[in-house]
Amino acid sequence: MCGRYAAGRGPEDLVELFGIEKWEPEETLAPDWNVAPTKEVHVVLDRPVKDAADPRPVRQLRVLKWGLVPSWAKSPEGAARMINARSETVAEKPSFKRPFAQRRCIIPADGYYEWVTAHDERQLEVEGKRKRTRKQPYFVLPADGSVFAMAGIYEFWRDRTLPDEHPMAWWVTCSVITTEAETGPLAVAPAEGPGSLSEIHPRMPLMLTPDKWDPWLDPARTDPDELGHLLAPPAGALMRAYPVSTAVSNVRNNGAELLTELAAPEEATLF
C-alpha cells in the first residue's frame with residue numbers, strides 16, 4: 001500500500017521535469033516530508049484548460065486532495081479509505097473504473113514510507129501480550145535519486161449543499177495505484193533488514209518510468225486493454241530502502257530530517 005510519502009521537490013523542479021505548461025504559483029505547496037491521507041498534494045495531469053479557445057489537453061501541475069471521492073458519493077466522508085487503488089482491480093471497481101479510463105495523473109514523490117514489525121514485537125502480539133506492536137519505518141526511493149512518479153487517478157465531486165460560486169463546491173481528489181511489491185533484490189539494500197520490497201510490505205505504489213508518462217497522462221487513451229499494459233510494474237532492481245526514525249510515525253512531525261538514514265534499525269530484533 002501507500003499510506004505516507006515524502007514530496008520535497010518544489011513546483012519549479014516539477015515544471016521542468018514533467019514539461020508543465022500551466023500551473024498557478026498561488027497554489028504552490030511547501031515541501032512536505034510526511035504526506036498523509038487527506039492532505040493536499042501536487043499532481044501532474046493532462047486536461048483542456050477551462051474556457052480556453054484551444055480544446056487540446058494541456059499538461060498541468062494541480063493541487064488535489066489525497067483520498068478519492070467518487071462522483072456519485074453522497075458525502076466525502078470515505079475519502080481517507082480511498083487513498084489507494086489496486087492495479088489488479090482498478091479497471092473494475094465502481095469507484096475507480098471511470099477515473100482510470102478518463103482521468104489519470106502522476107503523483108510526484110521523493111519516495112514512500114513503509115513500516116515493518118520487529119520479529120519479537122510481532123510474537124508478543126501473537127501471544128496476546130502486546131495489543132499494538134512497534135514498527136520500524138523504512139524509506140523507499142529510486143536508487144538513482146530520480147523522482148518517484150506514482151501512478152494515480154483523480155475524480156471530481158460536487159458538494160450539492162453549497163452554491164455554485166462557493167470555493168468548496170467542487171472537490172478534486174486522487175488515489176495512488178498500488179501493485180505487488182517486488183520480490184527481487186533491492187538495488188541498494190540496508191546492511192541490516194529486508195533484502196527486497198516484499199519483505200517490507202506485500203504492496204507498493206506503482207512507479208511509472210519516464211517512457212510511460214505521456215501515454216499514462218493522455219486522456220485520449222480510454223481502452224482498458226491498452227491501459228492495462230501501462231499497469232505493468234517497471235523492471236526490478238531500481239529501488240533502495242533504508243531505515244529511518246520512528247518520528248515519521250507521528251504525522252505532526254514534518255521535516256527533511258525524517259529522511260535521514262539510520263545506521264541500523266531502531267528495533268535490533270527486526271529480522
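**Entry 1: terms and overall build**

Strands, as I use the word here, are DSSP runs of E at least two residues long, and helices are runs of H or I at least four long, both numbered from the N terminus. The model I have open is a predicted one. I began with the inventory, and the protein chain has five helices and 13 strands.

Next I asked how the 19 Å radius of gyration of the protein chain fits with a compact globule. The radius agrees, because a compact globule of 271 residues would come out near 18 Å. Along its principal axes, the C-alpha trace spans about 60 × 40 × 35 Å. I also looked up burial, and 48% of the 271 residues count as buried. For contacts between residues at least 6 apart in sequence, I noted that 72% join residues at least 24 apart.

**Entry 2: the largest pocket**

I turned to the open spaces. The largest pocket has a volume of about 780 Å³. Its lining takes in 22 residues, and the closest to its centre are Glu 27, Arg 62, Phe 156, Trp 170 and Val 172. Which elements give two or more residues to this lining? I found β2 (22-23), β4, β5 and β11. The most comes from β5, which gives six residues. By class, I wrote down 12 nonpolar, two polar and eight charged residues for the pocket lining.

**Entry 3: β4 and β5, two of the pocket strands**

Since both strands turned up in the pocket lining, I checked how they sit together. Strand β4 covers residues 40-47 and strand β5 covers residues 58-66, and the two pair in the antiparallel sense over eight bridges. To get my bearings I picked out one opposite pair, Glu 40 and Lys 65 in β5. Is β4 mostly covered or mostly open? I have it as mostly covered, with six of its eight residues buried.

Just before β4, I stopped at Thr 38, in the loop between β3 (32-35) and β4. Thr 38 is not a glycine, yet its phi is positive, at about 75°. I put Thr 38 down as partly exposed, because its relative accessibility is 39%, and that class lies between 20% and 50%.

**Entry 4: β11 and Thr 178**

The pocket lining also draws on β11, so I followed that strand along. Strand β11 runs over residues 170-180 and holds Thr 178. Why does Thr 178 count as buried? Its relative accessibility is 2%, and buried means under 20%.

I then listed what Thr 178 touches, leaving out residues up to four places away in sequence. From the start of the chain there are Met 1 and Cys 2. Asn 84, Ala 85, Arg 86, Ser 87 and Glu 88 make up another run of contacts. Arg 203, Met 204, Pro 205 and Leu 206 complete the list for Thr 178.

**Entry 5: the cavity**

I looked for enclosed space as well and counted one cavity of 30 Å³ or more. The largest cavity has a volume of about 40 Å³. Its lining consists of Thr 179, Glu 182, Met 204, Pro 205, Leu 206, Met 207, Pro 233 and Pro 234. Among these residues, Met 204, Pro 205 and Leu 206 also appear in my contact list for Thr 178. By class, the cavity lining has six nonpolar residues, one polar and one charged.

**Entry 6: β9 and its two partners**

Where does β9 sit, and how many of its residues are buried? Strand β9 (residues 135-142) is largely enclosed by the rest of the structure, because seven of its eight residues are buried. One partner is strand β8 (residues 111-117), which pairs with β9 in the antiparallel sense over six bridges. Here I marked Tyr 112 as standing opposite Val 140 in β9. Strand β13 (residues 239-243) is joined to β9 by five bridges, and these two strands run antiparallel. Tyr 138 stands opposite Pro 243 in β13.

Ahead of β13, I checked Ala 237, which is in the loop between α5 (224-229) and β13. Ala 237 has a positive phi of about 60° without being a glycine. At 47% relative accessibility, I class Ala 237 as partly exposed.

**Entry 7: back to the start of the chain**

My last stop was Tyr 5 in strand β1 (residues 5-7). Tyr 5 counts as buried because its relative accessibility is 1%. I also took the C-alpha separation of Tyr 5 and Ala 36, which is 7.1 Å for residues 31 apart along the chain.

Key: Residues numbered from 1 in each chain as written. Predicted model: local features only at pLDDT ≥ 70, side-chain atom pairs only at ≥ 80, totals over all residues. Heavy atoms only, no water. 1 Å grid on protein atoms, 1.4 Å probe; cavity = no way out; pocket = protein on both sides within 12 Å on 5 of 7 lines; lining within 4 Å. Points joined across faces, edges and corners; volume = space filled by probe spheres on them. Nonpolar A, V, L, I, M, F, W, Y, C, P; charged D, E, K, R; others polar. Buried < 20%, exposed > 50% of the residue type's maximum accessible area, 1.4 Å probe, protein only. Pairing = 2+ DSSP bridges. Contact = heavy atoms within 4.5 Å. Rg over C-alpha atoms; globule rule 2.2 N^0.38 Å.
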